[in-house]
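Please open the model in a viewer and keep the selection tool at hand. The tour proceeds by selections, each followed by a description of what is found there.

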4 protein chains.
Amino acid sequence: DNPQDSKMSAPYKQTSPTTHLAEKADVVREVARKIGRARVKWDNPQSVMIITKPGDLSLVRKTRQLALWFMRTPRYGKPSGITVYVDEKLQKSKRFKLERFQAESPDLIDKLKFWTPELCATHPKLFDFIVTLGGDGTVLFTSWLFQSVVPPVIPFHLGSLGFLTPFDFDHHQYHLTQAMENGVRINLRVRFTCTVYRRVPGPNCTKAKDVQLRNVKRNTKTGKVIVGDWCERKMGHKKTQKVFGEVDGDDVKEENIQQWMEEDGEDGQKMRVPCFTTVPAEKYQVLNDLVVDRGQNSFMGELELFGSDGAYDQHLTTVAADGLIVATPTGSTAYSLSGGGPLTHPDIPAMLITPICPHTLSFRPTLVPDTIDLRICVPYTSRSTAWVSFDGRGRVELKQGDHVKVTASRYPLPTICKKSQSDDWFNSLSRCLHWNERQRQKSFV
Amino acid sequence: DNPQDSKMSAPYKQTSPTTHLAEKADVVREVARKIGRARVKWDNPQSVMIITKPGDLSLVRKTRQLALWFMRTPRYGKPSGITVYVDEKLQKSKRFKLERFQAESPDLIDKLKFWTPELCATHPKLFDFIVTLGGDGTVLFTSWLFQSVVPPVIPFHLGSLGFLTPFDFDHHQYHLTQAMENGVRINLRVRFTCTVYRRVPGPNCTKAKDVQLRNVKRNTKTGKVIVGDWCERKMGHKKTQKVFGEVDGDDVKEENIQQWMEEDGEDGQKMRVPCFTTVPAEKYQVLNDLVVDRGQNSFMGELELFGSDGAYDQHLTTVAADGLIVATPTGSTAYSLSGGGPLTHPDIPAMLITPICPHTLSFRPTLVPDTIDLRICVPYTSRSTAWVSFDGRGRVELKQGDHVKVTASRYPLPTICKKSQSDDWFNSLSRCLHWNERQRQKSFV
Amino acid sequence: DNPQDSKMSAPYKQTSPTTHLAEKADVVREVARKIGRARVKWDNPQSVMIITKPGDLSLVRKTRQLALWFMRTPRYGKPSGITVYVDEKLQKSKRFKLERFQAESPDLIDKLKFWTPELCATHPKLFDFIVTLGGDGTVLFTSWLFQSVVPPVIPFHLGSLGFLTPFDFDHHQYHLTQAMENGVRINLRVRFTCTVYRRVPGPNCTKAKDVQLRNVKRNTKTGKVIVGDWCERKMGHKKTQKVFGEVDGDDVKEENIQQWMEEDGEDGQKMRVPCFTTVPAEKYQVLNDLVVDRGQNSFMGELELFGSDGAYDQHLTTVAADGLIVATPTGSTAYSLSGGGPLTHPDIPAMLITPICPHTLSFRPTLVPDTIDLRICVPYTSRSTAWVSFDGRGRVELKQGDHVKVTASRYPLPTICKKSQSDDWFNSLSRCLHWNERQRQKSFV
Amino acid sequence: DNPQDSKMSAPYKQTSPTTHLAEKADVVREVARKIGRARVKWDNPQSVMIITKPGDLSLVRKTRQLALWFMRTPRYGKPSGITVYVDEKLQKSKRFKLERFQAESPDLIDKLKFWTPELCATHPKLFDFIVTLGGDGTVLFTSWLFQSVVPPVIPFHLGSLGFLTPFDFDHHQYHLTQAMENGVRINLRVRFTCTVYRRVPGPNCTKAKDVQLRNVKRNTKTGKVIVGDWCERKMGHKKTQKVFGEVDGDDVKEENIQQWMEEDGEDGQKMRVPCFTTVPAEKYQVLNDLVVDRGQNSFMGELELFGSDGAYDQHLTTVAADGLIVATPTGSTAYSLSGGGPLTHPDIPAMLITPICPHTLSFRPTLVPDTIDLRICVPYTSRSTAWVSFDGRGRVELKQGDHVKVTASRYPLPTICKKSQSDDWFNSLSRCLHWNERQRQKSFV
């Protein structure tokens with residue numbers, strides 16, 4: 001643990017390591033600020049994908065008109081428009097009138113294509129940008145379709161503005177022309193990668209016993225754990241070798257034992273804990289949140305929450321609650337808000353940990369940096385399993401010993417701003433949460 | 001408004017502007033992560049400053065012992081220790097026994113120096129690091145002393161751990177030796193620069209009238225304001241020239257007027273508003289928070305909250321509440337928590353806006369990026385003034401037309417971590433807020 | 001609607017009807033106060049029932065010792081003690097050593113009896129009082145056993161004081177002797193009667209259609225509903241007769257229609273709603289709360305909450321939340337507290353309505369008088385069912401058209417106070433919620 | 001402590017004391033329910049008082065028209081109307097046109113009278129009922145005018161419905177005629193009597209020392225206090241006699257000392273505390289709340305909260321917060337709501353204790369029965385004073401040793417219901433708090 005990342009050879013008085021760090025932090029802030037404000041010019045987008053609320057028939061006609069407008073409106077000095085991808089289900093929809101289109105516009109047939117979920121998963125770069133028609137749910141559905149790279153999304157609402165949908169479809173031609181010709185501001189909405197890890201038998205295990213025990217000492221006050229050697233088997237065998245495994249504590253190093261022991265004092269508690277390996281099983285990108293709750297069980301057991309900043313792996317807290325929400329800033333206006341979480345600007349690189357009906361008064365909504373990897377674990381000895389859902393979709397069961405790991409995704413979801421990210425966000429608070437509603441008159445400085 | 005910050009000449013399919021942005025954001029996250037974890041090696045610090053809770057006599061003896069230990073313990077291959085700065089008030093303190101020290105240790109007389117608030121303000125780089133003895137209040141006092149650069153602080157508590165004081169003074173020799181010889185992890189705690197702006201008469205004003213009027217149109221729903229030309233004077237003069245002033249709205253451009261008018265529809269409200277100039281008057285660095293409240297008034301008027309990301313200046317909300325807290329992440333465990341704000345890890349670059357007893361249910365605690373400049377304004381037409389305090393110190397009155405501006409400071413306060421920033425922070429939650437208290441037994445993955 | 005409950009014949013100036021009411025209210029308050037403070041002398045109780053945490057083997061020995069003490073200690077001038085009822089499961093428990101008891105104490109055999117849940121249900125008055133050993137859960141279990149009259153309960157804890165268990169078992173002989181000989185203060189804890197109503201086909205229904213439609217007009221702002229005549233059947237039949245049914249609106253009277261129409265103005269919305277009969281199916285007494293949530297469904301539909309004060313039946317609100325808790329004051333320190341409900345003294349005759357993760361910021365915890373009958377309804381057209389649990393026990397499904405009715409029970413649960421009801425309650429807050437914990441020193445007037 | 005309030009001579013098995021209590025409680029509930037629903041017939045009211053928002057000129061004309069209507073409309077078979085009292089300030093108001101009225105309606109001159117605050121204070125029964133025009137503030141002003149008996153109030157709003165003003169002035173003739181001719185439902189809104197007690201020198205005090213000391217033992221965990229004898233004076237005098245004084249603990253009785261000592265164990269702490277007498281100084285009736293806060297001080301010291309149910313006087317908690325609200329149920333929708341208090345139906349006989357920005361997470365909004373007398377004390381040793389305001393009016397300073405006592409008032413404020421108390425209250429939640437706003441469609445059982 002002795003790396004000396006930034007040993008300074010320069011004379012101290014001029015730039016101390018601290019000052020150096022402070023300057024770096026300043027640069028980071030400035031770059032972050034610029035990314036947030038960046039206006040990018042599109043390099044003549046050639047293809048657009050249209051996504052609507054699944055199953056809403058009334059949107060088929062709107063989709064048809066929009067597709068025709070895209071295909072027919074001349075762009076970039078050429079006589080025709082751009083390629084449009086619509087949902088393959090429309091191929092057979094009466095309202096979409098595919099045959100009439102083919103009859104009336106033979107020159108455009110090449111420009112109309114159909115997307116499938118598989119195409120989104122395998123060739124996301126086919127689409128230069130996406131137009132969504134609907135509410136926040138349609139943007140969430142788009143996030144679900146694109147589990148790796150996501151093309152930029154222009155989200156239209158159909159009457160009532162949502163948190164994610166600033167554009168009014170009534171003026172779509174104006175907004176789309178502006179975006180394609182004058183460039184856009186892009187809001188890179190952070191997504192979280194959620195990986196479900198399943199418990200598997202340890203490497204030295206015979207079939208009969210899939211869990212081994214290790215000697216562990218934990219501090220009863222801080223919950224800090226140090227993990228020592230494997231326990232001797234009761235049958236009189238020698239100690240087993242130390243092996244790789246998922247162990248949530250610091251592996252104790254010989255030279256540090258003495259210090260640890262002293263610091264813990266009477267709070268130290270020796271235990272034998274089950275140690276086992278877990279393997280990644282499933283992976284999801286979420287735009288809003290993941291929620292762990294009792295699912296179909298009648299009872300919610302305690303969860304263990306761990307965090308790692310890459311160097312240290314730390315037990316954060318034991319969750320005694322009805323459930324736990326881990327939300328992105330984008331998700332701060334969704335379920336997390338119901339649980340009492342704060343409104344969080346989408347530019348803040350944080351994870352919101354919001355307990356659902358916590359059983360202690362001290363477990364308040366908590367924000368940690370999104371550079372931390374969180375792990376939510378169902379203890380091996382838990383009386384019950386837990387269930388986890390991703391952006392409100394598909395529930396997955398977490399059995400005893402399983403956990404889900406949450407990290408900032410490399411694949412954010414880019415949405416186009418109407419004015420700017422901050423402007424759009426505060427407007428959505430006004431409209432959706434009735435901010436400022438009581439006000440009647442206002443004065444200005 | 002047509003700057004094209006990142007026009008790409010490279011072929012689009014390979015790196016779209018969006019992908020480019022996402023990659024930049026990834027780099028920012030990685031750098032931020034490294035800064036958080038950085039372990040720096042001090043380049044043989046030669047001088048230490050000792051700060052204790054002001055007025056606590058029982059600490060004088062501890063200070064004396066600590067100073068002697070620093071001066072006498074050989075460092076860096078030399079026979080003697082390092083220079084120590086203690087509070088100049090100790091020069092005359094009986095308990096400090098300066099004369100006895102001078103008699104007993106004539107060789108060390110040069111190593112004992114005395115600090116004054118003036119010295120801290122003018123020569124902060126004299127001190128290679130600072131040791132504080134006391135609670136969180138002593139660290140806040142240190143922040144108060146250093147209004148620009150702050151040397152790194154090693155904060156010791158004297159029995160009960162605080163949010164800012166992880167080190168136990170009972171083991172100070174061990175901790176200080178470790179820090180000086182093996183390097184430290186530094187927690188750059190963001191401070192906010194708070195600047196009070198006072199209203200002054202406008203540039204074209206005769207003495208009799210210090211405020212001029214401009215035509216303004218505001219959207220009654222969104223609160224968005226566009227500012228037009230100066231009003232004609234009633235005396236029949238021509239329109240005055242447009243001049244620079246503090247006006248919280250977009251100066252309307254001719255080409256955009258039509259669009260604005262249409263978008264607002266019936267919600268547009270035409271007004272004449274007073275326009276005037278404000279000038280910066282006072283400046284404070286805060287480590288925890290600034291609080292605006294009614295102070296000595298019996299009544300709290302409404303405040304106007306504006307935010308600027310450098311490009312746009314935006315009305316965020318009208319504050320109808322008993323007061324408003326703007327807290328740093330470090331301050332999230334202080335007053336903001338009483339107001340219902342979330343626990344916020346000190347690495348998150350955010351400002352916490354926490355209303356005190358808000359008069360509407362929709363004004364929830366809100367986090368904005370610390371790249372935003374906030375302005376809290378007392379409207380020119382307010383029925384009452386407001387008061388603002390900085391880290392709980394000195395109240396300043398904000399009169400009608402005044403405002404206070406809050407920005408991330410260029411001068412963070414560096415504190416030394418005991419283990420790591422995250423580890424220290426979660427430990428302080430456990431100890432100070434009784435996190436995890438209900439738990440009796442715990443299982444591990 | 002013209003009943004004149006308290007027409008005064010006395011001259012107005014002396015006692016106006018208002019003054020008269022105020023005086024009545026004063027009397028009610030005084031009587032309520034006395035009931036709360038009443039100290040009752042038991043008339044030589046002859047039988048005690050012992051209840052422990054089910055399944056906790058370590059309590060068998062304590063139960064045996066306590067039973068022996070009760071049977072052997074002379075009471076009321078007689079040489080022997082009182083009759084004891086223990087759990088019939090102990091008859092076969094090794095640890096209880098029934099045979100040894102029978103051998104050693106043949107004179108006491110008549111005094112040892114065994115209770116079964118059936119006996120509690122059918123002959124609750126057999127037991128002059130109850131002793132519980134355990135935590136709050138044991139008291140809840142006792143409430144569950146006695147669904148009508150409950151004998152007075154002396155609740156002992158076994159180490160850590162709970163909200164319902166003020167007595168320390170370590171001093172049980174002292175406390176029990178005091179109670180039997182000197183009388184007790186009794187805390188009549190209100191229970192709620194929860195009745196599940198199931199939808200049944202209407203009276204005029206053929207098998208094919210079990211729901212009929214009526215013309216209804218509702219005010220879109222207030223949610224107020226007036227119910228008119230049955231809809232004509234489409235087949236051309238005449239209007240059906242008006243029949244009794246569960247309809248949550250005011251049956252419109254001819255003379256009032258005009259006024260209603262005017263008041264609603266444009267907010268009136270005409271609808272056809274399904275009308276049907278519901279019948280009571282199950283009934284439970286709860287001591288803490290009933291909870292309606294999504295149960296095993298993945299989705300929680302909206303619920304409708306109605307209240308009746310005996311005269312008017314009123315739509316209170318539409319519940320858009322993850323669930324709804326209706327808690328007694330006793331339950332205010334249990335699940336309701338997790339949902340953000342207030343601490344409520346057990347003497348307050350109120351129902352606590354606490355939403356779980358409400359989807360709107362305006363739905364705050366709400367208290368209504370326990371003289372109001374609440375009905376929580378799953379709308380006939382809901383997309384999903386709901387589940388309801390009673391004191392955390394047994395989940396019951398509420399299907400579309402079903403509802404659960406909550407009223408103050410005629411059968412409160414009497415618990416013996418340690419000192420007084422208020423004293424016990426505030427002590428439990430101190431111990432269980434760490435009230436007053438931060439305090440170090442205290443001054444007195 | 002052995003009073004046996006309800007010794008039963010009747011055979012136990014038939015009506016146990018517990019059952020007897022339960023039946024009493026049932027009767028109380030039934031009476032309370034009836035009071036809440038009572039519809040009273042007025043005995044031909046002869047005089048009405050009109051109160052409007054003070055200083056609102058636009059209301060003068062409305063007042064004039066209303067007064068004329070009352071005076072001119074024939075009632076009770078007589079040719080003329082009833083007597084009207086208007087604000088004496090209108091005598092000289094130009095808009096009220098008193099002289100024109102006198103000229104035009106000489107026959108009505110006797111029917112127009114003028115009220116003054118003094119008249120309200122001394123002869124409240126002159127007014128058979130009151131009409132208020134304005135918002136909730138006007139009803140609060142009415143409460144302020146009548147510090148003892150209050151005539152029934154019919155509260156009209158002028159456009160936007162408030163929590164206390166269900167009647168729309170646009171239909172005032174209809175509503176007033178209905179009320180006078182058909183009777184009304186009356187909502188007896190509980191008010192609190194707030195008495196400020198000031199510290200005075202003790203009875204045995206010489207001028208030099210106005211505070212004496214007594215031996216006190218307090219339990220450090222529960223905060224419970226027992227008060228023993230007066231301390232010996234240091235000058236060697238004998239123990240002083242025990243005298244009457246304000247001492248917030250149980251006076252220890254000889255026979256109980258031993259028990260107390262044992263129970264406290266190691267938690268007992270012996271102290272000498274100042275004892276002194278306090279005398280009542282000022283008294284206010286509040287309709288909404290009283291608020292204790294730091295007032296003009298920069299710092300809020302801790303407060304001590306005591307409660308008495310008439311028999312026991314108990315330390316409830318030490319208040320470490322920015323302030324404390326004690327609200328009536330009527331006040332639950334006012335300031336208490338900003339502090340996080342629950343919505344509380346006005347029929348619930350409770351006091352809401354809502355802390356303002358509490359410094360501990362465990363001090364949650366708390367309801368106690370309104371049969372409890374609360375005392376909020378500024379400790380004798382407090383570093384600062386506190387300030388208390390009543391319904392937002394006039395601040396009074398509480399110095400060290402002072403306290404304010406809060407009890408349910410014998411003088412409730414009767415307001416006329418529009419439909420019924422519950423109906424009116426839930427409607428006001430809908431209108432004022434946007435309950436039910438999100439809902440679009442609703443289904444009915």
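Which residues in α6(B) do Leu66(B), Trp69(B) and Phe70(B) of α2(B) meet? The model is a predicted one, and this helix pair serves as the starting point.

**Stop 1: two helices in chain B**

Select residues 59–72 of chain B, which form helix α2, together with residues 172–182, which form helix α6. On the α6(B) side, Leu66(B), Trp69(B) and Phe70(B) meet His172(B), Gln173(B), Leu176(B), Thr177(B) and Met180(B). The two helices pack at an angle of about 40°, and their axes are 12 Å apart. That angle falls among those counted as neither roughly parallel nor roughly perpendicular, so α2(B) is oblique to α6(B). In its handedness, the crossing of α2(B) past α6(B) is right-handed. An α-helix has 3.6 residues a turn, so residues three or four places apart point the same way.

**Stop 2: the nonpolar cores**

Keep Phe70(B) and Leu176(B) selected, and add Phe129(B), Phe70(A), Phe129(A) and Leu176(A). These six touch the most other members of the largest nonpolar core, which has 80 residues. Now centre the view on Phe129(A). Not counting residues up to four places away in sequence, Phe129(A) touches Phe70(A) and Leu176(A), and its other contacts include Trp42(A), Pro45(A), Val48(A), Met49(A), Ile82(A), Ile154(A) and Met180(A). Ser47(A), Pro151(A) and Pro152(A) are also among the residues touched by Phe129(A). For the second, separate core, select Leu21(C), Val48(C), Ile186(C) and Phe167(D), which are included among its 79 residues.

**Stop 3: chain A, from helix α5 to strand β26**

Colour chain A by secondary structure: nine helices and 26 strands appear. Of the 445 residues in chain A, 61% are buried. Among its contacts between residues at least 6 apart in sequence, 70% join residues at least 24 apart.

Select residues 136–145 of chain A, helix α5. Seven of its 10 residues are buried, so α5(A) is largely enclosed by the rest of the structure. The buried residues are Thr138(A), Val139(A), Leu140(A), Phe141(A), Thr142(A), Ser143(A) and Leu145(A).

Next select residues 413–416, strand β26 of chain A. Leu413(A) and Thr415(A) point one way from the strand, Pro414(A) and Ile416(A) point the other way, and all are buried. Add residues 184–189, strand β8 of chain A, which runs antiparallel to β26(A) and is joined to it by four bridges. Within this pairing, Ile186(A) has Ile416(A) as its bridge partner.

Move on to Lys418(A), in the loop between β26 and α9 (421–433) of chain A. Is Lys418(A) buried, exposed or partly exposed? Its relative accessibility is 39%, so Lys418(A) counts as partly exposed. Add Thr165(A): it lies 253 residues from Lys418(A) along the chain, yet their C-alpha atoms are separated by 9.2 Å.

**Stop 4: a six-stranded sheet in chain C**

Turn to chain C, where six strands form an open sheet in the order β14-β9-β25-β22-β16-β17, with antiparallel pairing. Its edge strands are β14 (277–286) and β17 (313–319), each of which pairs on one side only. From one strand to the next, the twist averages 20°.

Select β16(C), residues 303–308. Six of its six residues are buried, so β16(C) is largely enclosed by the rest of the structure. Leu303(C), Leu305(C) and Gly307(C) point one way, and Glu304(C), Phe306(C) and Ser308(C) point the other way.

Which strands should be displayed beside it? Five bridges join β16(C) to β22(C), residues 373–377, in an antiparallel arrangement. In that pairing Phe306(C) stands opposite Arg375(C), and Ser308(C) has Asp373(C) as its bridge partner. The antiparallel pairing of β16(C) with β17(C) extends over six bridges, with Val319(C) as the partner of Leu303(C).

**Stop 5: a sheet drawn from chains C and D**

Finally, show chains C and D together. A seven-stranded open sheet of mixed pairing has the order β19(C)-β21(D)-β20(D)-β18(D)-β15(D)-β23(D)-β24(D). Its edge strands are β19(C), residues 343–344, and β24(D), residues 393–398. Select β19(C) with β21(D), residues 366–369: the two pair in the parallel sense over two bridges. Here Thr344(C) stands opposite Leu367(D).

Definitions and conventions. Residues are numbered from 1 along each chain as its sequence is written. Chains are lettered from A and ligands numbered from 1 in the order in which they are written. This is a predicted model: local features need pLDDT of at least 70, side-chain atom pairs count only at pLDDT 80 or more; totals for chains, interfaces and linings use all residues. Side-chain values use heavy atoms; hydrogens and water are left out. A nonpolar core is a set of buried Ala, Val, Leu, Ile, Met, Phe, Trp, Tyr and Cys residues joined through side-chain atoms within 4.5 Å. Buried means under 20% relative accessible area, exposed over 50%, partly exposed in between (1.4 Å probe, protein chains only). Contact means heavy atoms within 4.5 Å. Two strands pair if DSSP finds at least two bridges between them. Axes are lines fitted to C-alpha atoms, for helices over the stretch in contact, and angles run from 0 to 180 degrees between N-to-C directions. Angles under 35 degrees count as roughly parallel, over 145 as roughly antiparallel, 65 to 115 as roughly perpendicular and the rest as oblique. A crossing is left-handed if the near helix is turned anticlockwise from the far one by less than a right angle, and right-handed if clockwise.
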